[in-house]
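Hi,

Here is the structure I promised to pass on. Have a look at it first, and then read my notes on the salt bridges below.

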There are 2 protein chains.
Amino acid sequence: MSSANAAIGLAEIEEAARRLANHAVRTPLIENAELNARLGLRLLVKAECLQVSGSFKFRGAYNRLSQLTQDERRRGVVAWSSGNHAQGVAYAAKLLGVPALIVMPEDAPKTKVAKTRAYGAEVIFYDRYTDDREAIGHRLVAERGATLVPSYDDPEIIAGQGTVGLEIVAQAREMGALPDAALICCGGGGLLAGTGTALRAAFPGIALHAVEPEGYDDTGLSLERGEMVVVDKTRRTICDALMTPYPGRLTLTINRALGVSGLTVSDDEVRRAMRVIFETFKLVAEPGGAAAVAAVLADSGRLRGQTVVVTLSGGNVDAALFCRIVHDQEAGQE
Amino acid sequence: MSSANAAIGLAEIEEAARRLANHAVRTPLIENAELNARLGLRLLVKAECLQVSGSFKFRGAYNRLSQLTQDERRRGVVAWSSGNHAQGVAYAAKLLGVPALIVMPEDAPKTKVAKTRAYGAEVIFYDRYTDDREAIGHRLVAERGATLVPSYDDPEIIAGQGTVGLEIVAQAREMGALPDAALICCGGGGLLAGTGTALRAAFPGIALHAVEPEGYDDTGLSLERGEMVVVDKTRRTICDALMTPYPGRLTLTINRALGVSGLTVSDDEVRRAMRVIFETFKLVAEPGGAAAVAAVLADSGRLRGQTVVVTLSGGNVDAALFCRIVHDQEAGQE
């Protein structure tokens, strides 16, 4: 594949938007004047925690599943996921009447497992640190004649996630904002590839950044070194949604063509961002969903005076963890 | 005053909307397909926790303060408030360069006091159960030659809060929804009077309900008995924002003319609603802000098949309390 544009462009994203029109939420692009004043920049937060299934993942999943043939729908779908893609696929499958089997890590947040099952999907567990989820998934696909729904490395998935970017473009224009930079939470890079494509088409000069947790900066490193880098998948991070050890081939190709560069955030920076999001925006962010806000808070000096778009990509977090983070930090401040 | 229409009508609310256009957030009207299916009704949630200052109160405050003369602005404003009106006035005053003095109960949530001060307002405390906050406020007004900004019983405050209703009308139409009923969180009745006026103008058949905490159902009782009822202000409720012992004269007149009837919710119903809002909508509701959702959850059978609009009127809650509610309930379910 020589060009990103050959694989996925604005036309594919606009098609996805038409498929999603009556199913996905047009999530708000939110700003807070006080926080803007404090940071010395204009921060626009795309609140995908308010999306159906609690994260942006529904967009790509529905775009993909809605194009299955009747025969494929009958035979069902298989996906592996730490939880957000699981819920997105399970909910899209439910809407379309497709059986869904999801391979999830044993230590996935309880709320993600419970919701995936509540949408009617069958769940099979694996060990995140020792098992090969892809091998398990491919075996199940073969056994059942089902269709595999990749979580990011697929043109229709990327086009679906790109509708986040289409909406940001329209909303930024409605707000009279011209973004200088976009910071996108990055696991496998599907949200970044899709959203980046839409943003770059509208704002040619925009700087695009992948935000990854420390230790899982496979996309940032791969872009920097010009080759696919695989990171140590036994590292721990609070951002369960962003623990991908290597980028997708397609997403990496697109993100390289878009001129993306990487940023990393620490667990402490993510916790602080979750607290600020709670206090300022009255929104519930999961750790991985708060990564881009965390990057802005950690480096607001460098972004001073700019208009910065970030994704708040999901809100699927267990109350116990959320409260440990939000309340402990408050206690620590007193 | 013989007619509510004489005091405040659609024209005044539309004027307020023009004043607020570049200052207030057009908060989203959110629904969740899963919750709708579970409840057997269509629930549309107006997320005013996403409003500037963390609640709808900014709308009325800014509408009132922006109409002060230069001389009045110089001499400043005084308000009493349990916290949301405090923040709304303080933030509007900051935007307009007006000194603000706020009389707040000693037991107001810490976040409300801290934010009010952070907006530059001076704060004076009183005892909610023994002191007369109105007497304290009037004394300060006299001493300083300042303007009193009532928290609800004022035409410009009501018109400002009515912009919530104007937005709901437009958003419901965009969503193809025709609301059968609206449940509005009710303290002194300003949000209800303004929003009810706007909703009734657009949807003549809509049923309008005041939602109040048990023990503070002064508006509901006053409407039922046809005279102003004063409740025992020493009762406790988790809904600090809704602890008004009697309705306003103007708000009661308007709400009577609108044919409003009252509903009450218990603290446990409010806690459950905060949990559902966290889980389902990924939003942070304060107790008083969750009252209308609580009323729907507690009585969904009666509303079956209907399209129901509710206000989620504020999100200013201390992390400690929020987590005690959201996490304890989760622990209790396990």
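**What I found**

A:D107 has a relative accessibility of 39%, so it counts as partly exposed. Its salt-bridge partner is A:R128, with N and O 3.0 Å apart. A:R128 is on the other side of the cut-off: with a relative accessible area of 11% it is buried, because buried means under 20%. So this is a bridge between a partly exposed acid and a buried arginine.

The two residues sit 21 apart in the chain, and the pair links distant parts of it. A:D107 lies in the loop between β4 (100–105) and α7 (110–118) of chain A, while A:R128 is in the loop between β5 (122–126) and α8 (133–144).

Before going further, please keep in mind that this is a predicted model. The confidence figures are these: chain A has a mean pLDDT of 93, and 96% of its residues reach 70 or more. Two stretches of chain A fall below 50, though. One is residues 1–5, with six contacts in the model beyond near neighbours in sequence. The other is residues 330–334, and that stretch also has six such contacts. For the complex, the predictor gives an ipTM of 0.88 and a pTM of 0.91.

Now for chain B. B:R128 and B:D107 form a salt bridge through their side chains, 3.0 Å from N to O. Here too the partners are 21 residues apart and link distant parts of the chain: B:R128 is in the loop between β5 (122–126) and α8 (133–144), and B:D107 is in the loop between β4 (100–105) and α7 (110–118). Is B:R128 buried or exposed? Its relative accessibility is 10%, so it counts as buried. B:D107, with a relative accessible area of 40%, is partly exposed.

Another bridge in chain B joins B:D299 and B:R302, whose closest N and O atoms are 2.7 Å apart. B:D299 has a relative accessible area of 29%, which makes it partly exposed. B:R302 is partly exposed as well, at 45% relative accessibility.

Back in chain A, there is also a network of salt bridges to look at: A:K46, A:E48, A:R59 and A:E167 are linked in it.

How many salt bridges are there over all chains? A search of the whole structure finds 38, and the ones in this email are among them.

Cheers

How values were computed
Residues numbered from 1 in each chain as written. Chains lettered and ligands numbered in written order. Predicted model: local features only at pLDDT ≥ 70, side-chain atom pairs only at ≥ 80, totals over all residues. Heavy atoms only, no water. pLDDT = per-residue confidence, 0-100. Contact = heavy atoms within 4.5 Å. Salt bridge = Lys/Arg side-chain N within 4 Å of Asp/Glu carboxyl O. Helix = DSSP H or I, 4+ residues; strand = E, 2+ residues; numbered from the N terminus. Buried < 20%, exposed > 50% of the residue type's maximum accessible area, 1.4 Å probe, protein only.
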